[in-house]
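User: Please take a close look at one part of this model, the largest cavity and what lines it. After that, go on to the aromatic rings and a few local details.

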Amino acid sequence: MLQSIIEMLHSIIGAITGENNRILIRGTVVLMKKNVLDFTDFRSSIIDQVYELVGKGVSLQLVSAVHADPTNGLQGKVGKPAFLEDWITTITPLTAGESAFKVTFDYDEEVGEPGAFLIRNNHHSEFYLRTLTLEDVPGHGRIHFVCNSWVYPADKYDTDRVFFANRTCLPSETPEPFRRYRERELVNLRGDGTGELKEWDRVYDYAYYNDLGNPDRDPKYARPVLGGSVEYPYPRRGRTSRPPSETDPNTEGRLPLLMSLNFYVPRDERFGHITMSDFLAYALKALVQFLLPEFEALCDSTPNEFDSFQDVFDLYEGFKVPDGPLLDKIKENIPLEMLKELVRSDGEGLFKFPTPQVIKEDKSAWRTDKEFAREMLAGLNPVLIRLLQEFPPESKLDPEVYGNQNSSITKEHIENHLDGLTINKALEKKRLFILDHHDTLMPYLRRINTTSTKTYASRTVLFLKDDGTLKPLAIELSLPHPDGDKFGAVSKVYTPAEHGVEGSIWQLAKAYAAVNDSGHHQLLSHWLNTHAVIEPFVIATNRQLSVLHPINKLLDPHFRDTMNINALARQILINAGGEHSLSIKVGMAEKDSDAPHGLRLVLDDYPYAVDGLDIWSAIETWVEDYCSFYYKTDEMVEKDSELQSWWKELREEGHGDKKDEPWWPKMHTVKELIDTCTIIIWVASALHAAVNFGQYPYAGFLPNRPTISRRFMPEEGTPEYEELKSNPEKAFLKTITAQLQTLLGISLIEILSRHSSDEVYLGQRDTPEWTQDATPLKAFEKFGRKLADIEENIIKRNGDERFKNRVGPVNMPYTLLYPTSEGGLTGKGIPNSVSI
């Protein structure tokens, strides 16, 4: 009865005041409160509730897409503020993540169709804004806004944050009332290039790689600046604004280890989700900070060498860590769940690593010549092998500086192993191949060998057998001439042997070649050609392409977490004291209009290239379908002001050291745009997957992929040679990575080889409503179906006994370009982006 009376009174009052004639737009805001993502910060949650009680809530205002306001510089008409409802009573469990809040707007005919909204956070703490969805907007129905951004308290910004409706338009197609909002947002993201950047700043800016050294620690840790010079050309990284080091004004200061995750990257680029991504960041820090001393303690209590391969195998069976204060320190500082993941402690101090796939089925097959060669086609670094086109192999190093660096491999070394062919006939039939690290390493070898590392520059020559497998014929190991570089190289050639000391020497020769390949893989194939190359694209896209721009929407998923993982790597992994195309090399493929994808591979059984061409073609078709929807003519590309600014900045700033190279597309045609976006997506997704997620499966057993060699090849008449004769396993292990470095190395690559539980893979999006345009959505669905077909084909090829390189002696199917995966350590799956 009382309720009826109250409702009647409201109705009467509404009739008198005109309230009953109000048209309301009801909306739902999805966000994550800060205390969900930082579960130690309960104080902020309480303060936010107090702010709510005193009227300091979160307000939103709709911005017209069609009606300009003369009093506001002809920007879109702005509606009345509406506040998020029930903030205090909406309880967010720590594990729940997202919360939905109601918001109710007064419909204003002068606003009409909302094209954007302003949001003002009057709370004490930031929150992560996912989406706003408006229902039953008069004349327009449902309007969806995808936000995916941190919103800090209003006093951190000069203007209220703006988010646009989920529409896609070129600059010339932007409705005039919110053109200035579009332009102003890009100005905010560019910043002015000065001042210290704070965590709430959203500035994307460029810097050289001047943060790799640590001269304040010791002059020996000084490093040159990469980028900005002819001597050290390099892509740009994101500016962090840290002050210079005390001893060198050209080197950026480094953070203490305890603060090593507090580097600046734009807040929306940081790991912001309670998932494996956060775990990975903290696990890396924990590895360096807490496991290093524990592993040192372990290695101090035992000899610092493995005595046999069984000692290495024992790492995967479990080994006891001595009790002591350092082990207690690990347990105190690493949360229980992280401890289980990172060190798999069973409460008894037992460390146990998962068995790498390369030794799971057969513990000795990794040592075979067939597997050594197969991994050049289907291993961790399958992008370097190339067709040998001249014999002996020639160097491209300047003979005026380096003397004669051509190969010393002769006809006598290999011709008896060419299945009856002469060398000229083998070259003509395209049966000779080379893995050549000589020219890359030789200029640096003299300096490298002044350290504890002792290594060579290698060339490995291989022969293609009738069954499609490769057979190593010779490995050349070279050193700089002791009298100076101009005297050329001092080289020695090793040929295959199976037994006795000759067999042990051949195993060492393969190990030295693998050390070269491991270094090239980590610093060039992996870091430079995926992580570093992509970062300028992330920066330029945010600075020059509005979120409304179709190319921003196309590329954005392929940039997720890249700046953050790169900054983390520079801080912890790639520093002093720490460790563009499909990438099929010269001669490995030829143009052929009758072949699939227009290319014919010299090697039919080349798993990386075969699977990679399928993925590349699927990406290219998807990008063509997408770009052709928005760009009907080449003229539209040329006249797209944001696109042209983006491309100019990428060339002149992001990759400024290479800006004058002739291979840059002009960005005048739709085809150039399609080709460019295809390459960007390929590098960020498939190429990175191919060179990253096999790290633990192949190199988790370090003798298969040693990263360091600590002494030269034993010479006859020396104690090392006698040890090689009497105990070849011990001699091998004393030559490659030491015990402590092995423990750290496999701990690290295990972390780097894992997929996060919330990984978004190629052909997927984190929201199905990433665009409102039906044609691109259908094209994206077609892309997903094509990738599913490719998965089935990869499984069929791996089961086809004709393709011997797909599984090999170790019985390890090639799955690194299999598009999807579950979370964890799987050796398959192509994430959208360089996120680890």
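Analyst: What follows starts at the cavity and then moves to the rings and to single residues. The model is a predicted one.

Rolling a probe the size of a water molecule over the atoms shows where empty space is left. Here, the largest cavity holds about 240 Å³ of space. Its lining is made up of 19 residues. Those that lie nearest the centre of the cavity are Phe372, Glu375, Lys510, Ala514 and Asn704. Sorted by class, the lining has 10 nonpolar residues, 4 polar ones and 5 charged ones.

Which helices supply at least two residues each to this lining? They are helix 10, residues 369-378, and helix 15, residues 500-544. Helix 15 gives the most, with 6 residues.

Helix 10 deserves a separate word. Of its 10 residues, 8 are buried, so helix 10 is largely enclosed by the rest of the structure. The buried residues are Glu371, Phe372, Ala373, Arg374, Glu375, Met376, Leu377 and Ala378. Two of these names, Phe372 and Glu375, have already come up among the residues nearest the cavity centre.

Next come the aromatic rings. A pair of aromatic rings is described by the distance of the centres and the angle of the planes. The whole structure contains 28 aromatic pairs. One of them joins phenylalanine 313 and phenylalanine 701, which are stacked, with 5.2 Å from centre to centre and 5° between the planes. Phenylalanine 313 and phenylalanine 701 are both buried. Tryptophan 647 and tryptophan 664 form an edge-to-face pair, because their planes stand at 75°, with the ring centres 5.5 Å apart. This pair links distant parts of the chain, 17 residues apart: tryptophan 647 belongs to helix 20 (residues 641-654), while tryptophan 664 is in the loop between helix 20 and helix 21 (670-692). Tryptophan 647 has a relative accessible area of 4% and is therefore buried. Tryptophan 664 is also buried, at 7%.

Ring pairs can also join up into a group. Trp622, Tyr626, Phe629, Tyr630, Trp770, Phe780 and Phe783 are linked into a cluster in this way.

Two rings have a basic side chain over them. The charged end of lysine 156 is placed over the ring of tryptophan 200, 4.0 Å from the ring centre. Arginine 267 lies over the face of tryptophan 150, also at 4.0 Å from the centre of the ring.

Serine 833 is a single residue to look at, found in the segment after helix 26 (774-798). Its relative accessibility is 3%, so serine 833 counts as buried. Leaving out residues up to four places away in sequence, serine 833 touches Pro557, His558, Phe559, Arg560, Thr562, Ala684 and His688.

The last details concern the backbone. Most residues other than glycine have a negative phi, and most peptide bonds are trans. The bond joining phenylalanine 391 and proline 392 is cis, with omega at about -5°. Proline 392 is in the loop between strand 14 (386-387) and helix 11 (399-402). Asparagine 148 has a positive phi, near 45°. Asparagine 148 is part of strand 8, residues 141-151, and is partly exposed, with a relative accessible area of 24%. Aspartate 419 has a positive phi too, near 55°. Aspartate 419 is in the loop between helix 12 (411-414) and helix 13 (423-428), and is partly exposed at 48%.

Note on methods. Residues numbered from 1 in each chain as written. Predicted model: local features only at pLDDT ≥ 70, side-chain atom pairs only at ≥ 80, totals over all residues. Heavy atoms only, no water. 1 Å grid on protein atoms, 1.4 Å probe; cavity = no way out; pocket = protein on both sides within 12 Å on 5 of 7 lines; lining within 4 Å. Points joined across faces, edges and corners; volume = space filled by probe spheres on them. Helix = DSSP H or I, 4+ residues; strand = E, 2+ residues; numbered from the N terminus. Nonpolar A, V, L, I, M, F, W, Y, C, P; charged D, E, K, R; others polar. Phe/Tyr/Trp six-rings, centres within 6.5 Å; stacked < 30°, edge-to-face > 60°. Buried < 20%, exposed > 50% of the residue type's maximum accessible area, 1.4 Å probe, protein only. Lys NZ or Arg CZ within 6 Å of the ring centre and 35° of its normal. Contact = heavy atoms within 4.5 Å.
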